[in-house]
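Trainee: Before we look at the model, could you show me how to read loops, helices and their packing, giving the general idea and then the case at hand?

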Amino acid sequence: MEYEVVIGLEIHSQLQTQSKIFSYSSAAFGGDPNSKVDPVCLGLPGVLPVLNKQVVNYAMRMGLATNCKIAPLSIFARKNYFYPDSPKGYQISQFEEPICEHGYLDIETENGKKRIGITRIHLEEDAGKSVHSETFVAANETLIDVNRCGTPLIEIVSEPDMRSPQEAYAFLTQIRQIVQYLEICDGNMEEGSLRCDANISIRPKGQTELGVKTELKNMNSFRGVEKALEYEISRQITCAKNGEQILQQTLLWDADKNVAIPMRSKEFSHDYRYFPDPDLTPVMISDDWIKKIENSLPELPKARQNRFVESYKLPPYDAEVLTDQKPLADYFEKVVKTSGDAKQASNWVMGEVMRYLKEGDSDINNFKVSPENLGLLIKSVSEGAVNAKTAKVVLSEAVETGKSPEAIITEKNLVQISDTSELSEQVKKVLADNPNEVEKFLGGKEQVIGFLVGQVMRATRGQANPKVVNDILREELVKLK
Amino acid sequence: MSISVEQVEQIARLAKLEFSDDEKLEMADQLAKIVEYVEKLNEINTDNIQPTYHVVDINNVFREDKTADSLSQEEVLKNAPKSKLGYFSVPKVIDK
């Protein structure tokens, strides 16, 4: 029997605000344990949470960028459960009346464009962190750091519209791209600022009724999500083929062992007893407010990609690669500005720069050569001040040392020699030293000129402008005929 | 409206409370009375009436996104029965 896979995603994205969602302590990542804490996020009795306005702005940005309807009225609810990383005994979230609903994103698939529905985007607070496995944790304890308590989150819930791990991957990476473009989240799954859970089920092809679903958690990388989904799908299909029942359960992905392990289900009977949080007032969003956020939205990835094709005359593929991540696209545009040459800028960024990033497993934010400096280097090539080969060597040194390419060129005296009189001397010398080759050339073996150019380049330690050398050589050789 | 002992046990489990058998019966009785009292509300026709999400008729109470100093680690941990290396120490949590 052929099976169809049904996948829905729940994506949590930490919003990059200064302070927490309902209180004043810092929402920055890291720091000593329990050093970014205030009475509200510590859940002390008698405190009053007050909503951070920026959180609402950010959620609206995401809603508008994903074609959602912004709710004119939304409310907060208490989600009740006991877990030591949540000191209050409940999480403030949204249940009825979330801030955004009914959106969608179009993803690219093998069979063309496909629309994935977004059920809702709601606001909630993050929980603290449990430390289980560090060496300083005793066997009978768990350590709790509440710094992350109250960090603002949006949860993006998709419709069960994805039919393969590849589609889920495409949707998830597009979400990351958008939060990065909106500058509301850094989108880092490894550090947990973006997290993804998946609901998966299978059904015989053609059946409309959904199968029993399992929930997959703890996938800490984008590729991890794809892998975990592949694992779970094949597990379910094997189950079905063997006539076993698929149990509704939650599984934790173990990235080291490449397996999903069921959570003990007894502890996990969902009964959150949601009710409206009496501490928080409803949020009313006017059309004016929506307009204001709409007008402040930055250029989104698809639009930027199209602009790169049109105004820089780049091939669509190049535009796609360059706009994949906002920081890289920003870098590229600055290189274009200083170099004045989009085609070359694209070649250098997609070739040299991306190669260095890949080799160093680094990202553009940490790249040692500023876009302005790379732009100037490209400009000196196009103006003939250094040759392309030298420029690559200069860039490599700049990447290694962090020095500016200009400084390296001056320091090492790498400025290209285009001065005809200086090069003529060298050419004459090379011709005198290589009578055999000269004879061959004059006898009709034109390709020998390559060797002669090489000799001049060598004599000038690579600094000669090869084009000028070629011209002079031909001139001199004609004289010898 | 009656509340069963099983329901009391379920609610107690969710609230991390423990009751003796006698107390469970007492709770079942009291909870039934509370639910019965609240059920009076069902007698009112609430068609076309907006739900009351907040008892005071206000909305959009916001703070600006500004930080202030955190409590010190010492203050944060002051009420903790047990702490270690700046963390709260709690009985081992399995299964997460």
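Mentor: Let us begin with the naming of elements: helices (H or I, at least four residues) and strands (E, at least two) are DSSP runs, numbered from the N terminus. This is a predicted model, in which local features need pLDDT of at least 70 and side-chain atom pairs count only at pLDDT 80 or more, while totals for chains, interfaces and linings use all residues. Residues are numbered from 1 along each chain as its sequence is written, chains are lettered from A and ligands numbered from 1 in the order in which they are written, and side-chain values use heavy atoms, with hydrogens and water left out.

Trainee: Where does Asn258(A) lie, and what is its phi?

Mentor: Asn258(A) sits in the loop of chain A between β14 (250-254) and β15 (259-262), and its phi is positive, near 60 degrees, in a residue other than glycine. For accessibility, buried means under 20% relative accessible area, exposed over 50%, and partly exposed in between, with a 1.4 Å probe and protein chains only. With a relative accessible area of 33%, Asn258(A) is partly exposed.

Trainee: Is Asn34(A) buried or exposed?

Mentor: Asn34(A) counts as buried, because its relative accessibility is 0%. Asn34(A) belongs to the loop between β1 (3-14) and β2 (51-52) of chain A, and although it is not a glycine, its phi is positive, at about 55 degrees.

Trainee: Which residues does Ile21(A) touch, leaving aside its neighbours within four places in sequence?

Mentor: Contact here means heavy atoms within 4.5 Å. Leaving aside those neighbours, the contacts of Ile21(A) include Val50(A), Leu51(A), Val55(A), Pro152(A) and, from chain B, Arg63(B). Ile21(A) lies in the loop between β1 and β2 of chain A and is buried, with a relative accessible area of 0%. The C-alpha atoms of Ile21(A) and Gly450(A) are separated by 68 Å, and the two residues are 429 residues apart along the chain.

Trainee: What does Tyr274(A) touch, not counting residues up to four places away in sequence?

Mentor: On that count, Tyr274(A) touches Ala77(A), Arg78(A), Lys79(A), Asn80(A) and Phe95(A). Tyr274(A) is in the loop between β15 and β16 (275-276) of chain A, and its relative accessible area of 27% makes it partly exposed.

Trainee: How should I read a single helix, and what is the case for α10(A)?

Mentor: An α-helix has 3.6 residues a turn, so residues three or four places apart point the same way. The expected span of a helix is 1.5 Å times one less than its number of residues. For the 14 residues of α10 (residues 388-401) of chain A the expected span is 20 Å, which agrees with the 20 Å between its end C-alpha atoms. The buried residues of α10(A) are Thr390(A), Ala391(A), Val394(A), Leu395(A), Glu397(A), Ala398(A) and Val399(A), and what covers them includes α8 (342-359), α9 (371-382) and α11 (405-411) of chain A. After α10(A) comes Gly402(A), whose phi is positive, near 80 degrees.

Trainee: And how is the packing of helices described?

Mentor: Two packed helices are described by the angle between their axes and the distance between the axes. Axes are lines fitted to C-alpha atoms, for helices over the stretch in contact, and angles run from 0 to 180 degrees between N-to-C directions. In chain A, α12 (residues 420-433) and α15 (residues 466-480) pack at about 55 degrees, with their axes 10 Å apart. That makes α12(A) oblique to α15(A), since angles under 35 degrees count as roughly parallel, over 145 as roughly antiparallel, 65 to 115 as roughly perpendicular and the rest as oblique.

Trainee: Is the crossing of α12(A) and α15(A) left-handed or right-handed?

Mentor: A crossing is left-handed if the near helix is turned anticlockwise from the far one by less than a right angle, and right-handed if clockwise; the crossing of α12(A) and α15(A) is right-handed. Among the residues making the contact are Leu423(A) and Val427(A) of α12(A), and Ile472(A) and Leu473(A) of α15(A).

Trainee: Which handedness does the crossing of α6(A) and α8(A) have?

Mentor: Helix α6 (residues 316-323) of chain A packs on α8(A) at an angle of about 55 degrees, with their axes 11 Å apart, and the crossing of α6(A) and α8(A) is left-handed.
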